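Thank you for asking me to look through this model with you. Please keep the structure open while you read, since the points below are meant to be followed on it.

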Amino acid sequence: MARRKKIYEGKAKILYEGPEPGTLVQYFKDDATAFNAEKKDVIEGKGVLNNRLSEYFMTGLNSIGVPTHFLKRLNMREQLIRSVEIIPLEVIVRNYAAGTLAKRLGLEEGAALPRPIVEFCLKDDNLGDPLVAEEHIIAFGWASQQDLDDMLALALRVNDFMSGVMFGVGIRLADFKIEIGRVFEGDFQRLIIADEISPDSCRLWDIETGEKLDKDVFRRDLGSLTDAYAEVARRLGIIPVPNQQYTKPTLIN
Ligand code: C5P
């Protein structure tokens, strides 16, 4: 059997050539990195959980008409995706102050923001993915004004969907990052959600206890990362609850 062609290897995933033109196979690794890869580890089982979680979120988005690259899950670690031309920007949506926003503006972590805030960072590891203004994006041609408008609309729809899904299982979506890519259909281009949506790229806080159920567990050495991700997956009904039925918490506020 011929060895399949590796297209790209990133920090947490590998892309292989797909079975049909315009498709790729996305493989989820167990590697965890933080602080621009200054902190690294291999967390057994993380890739399997993120494959399932990203499938769950992307399938939900596809079904409400928010287009994503997700086509189908192939196995425990791989999914078939549409090949896209990635826009070199990380799109961050924030509902609560945390991370670099809290640090940059001296906000208390956990403070509710007056409205969702969308930020763009240039995807460039050598520069540490710096925050960029729309002015930079247009001037340097990373995306057009139309792309920016579409990206903003997509990001806010993802935020509404993800916030609602999480709220339903007692989790607050503090913030998240998505990547967006272009697909070409005839003479037209369309923007779709790409990469992954998983606890690696979201901040998820238990509504009742404030417990962190995302990559901050790894960043800040707060315990087992796979336990946190598995808790999210169990609440969403993606993996079974051992020996007992999950009871939905009463949601206040
Ligand atoms: O670090 P910061 O507070 O800017 O992160 C905002 C959100 O974007 C967090 O949910 C974080 O996990 C995510 N993020 C990411 N990849 C990056 C930078 C941020 O997934 N390179």
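The notes that follow take the ligand site, then the aromatic rings, and then one glutamate in a loop.

1. Please bear in mind throughout that this is a predicted model. The contacts and areas given below are therefore values computed from a prediction, with local features requiring a pLDDT of at least 70.

2. I would begin with the surroundings of the ligand, where 14 residues form the shell, and where Arg 94, Thr 100, Asp 175, Arg 203 and Arg 219 come nearest. By character, the residues of this shell divide into eight charged, three polar and three nonpolar.

3. Three side chains can be followed individually at this site. An oxygen atom of the ligand is 2.5 Å from an N or O atom in the side chain of Thr 100, and an oxygen atom of the ligand also lies 2.7 Å from a polar side-chain atom of Arg 94. With Glu 90, the ligand takes part through a nitrogen atom, which is 3.0 Å from an N or O atom of that side chain.

4. How much of the ligand's accessible area does the protein cover? On its own the ligand has 450 Å² of accessible area, and the protein covers 81% of this. Two or more residues of the shell come from each of strand 9 (89-96), helix 2 (99-105), strand 12 (171-185) and strand 14 (202-206).

5. Turning to the aromatic residues, a search of the whole structure finds three aromatic pairs. One of them joins Tyr 56 and Phe 57 in an edge-to-face arrangement, with 5.7 Å from centre to centre and 80° between the planes. Phe 57 is buried, because its relative accessible area of 1% is under 20%, whereas Tyr 56 counts as partly exposed, because its value of 34% falls between 20% and 50%.

6. Rings are also found beneath charged side chains. Arg 4 lies over the face of Tyr 16, at 3.8 Å from the ring centre, and the charged end of Lys 39 sits over the ring of Phe 218, 5.0 Å from its centre.

7. Is Glu 196, in its loop, buried or exposed? This residue is found in the loop between strand 13 (188-194) and strand 14, and it counts as buried because its relative accessibility is 4%, which is under the 20% limit. The side chain of Glu 196 makes a polar contact of 2.7 Å with the side chain of Lys 13, so a reader inspecting this buried glutamate will find a charged partner there.

Definitions and conventions:
Residues numbered from 1 in each chain as written. Heavy atoms only, no water. Near = heavy atom within 4 Å. Polar contact = N/O pair within 3.5 Å; in protein donor to acceptor, adjacent residues only side chain to side chain. Areas by Shrake-Rupley, 256 points an atom, 1.4 Å probe, with all protein chains shown as cover. Phe/Tyr/Trp six-rings, centres within 6.5 Å; stacked < 30°, edge-to-face > 60°. Buried < 20%, exposed > 50% of the residue type's maximum accessible area, 1.4 Å probe, protein only. Lys NZ or Arg CZ within 6 Å of the ring centre and 35° of its normal.
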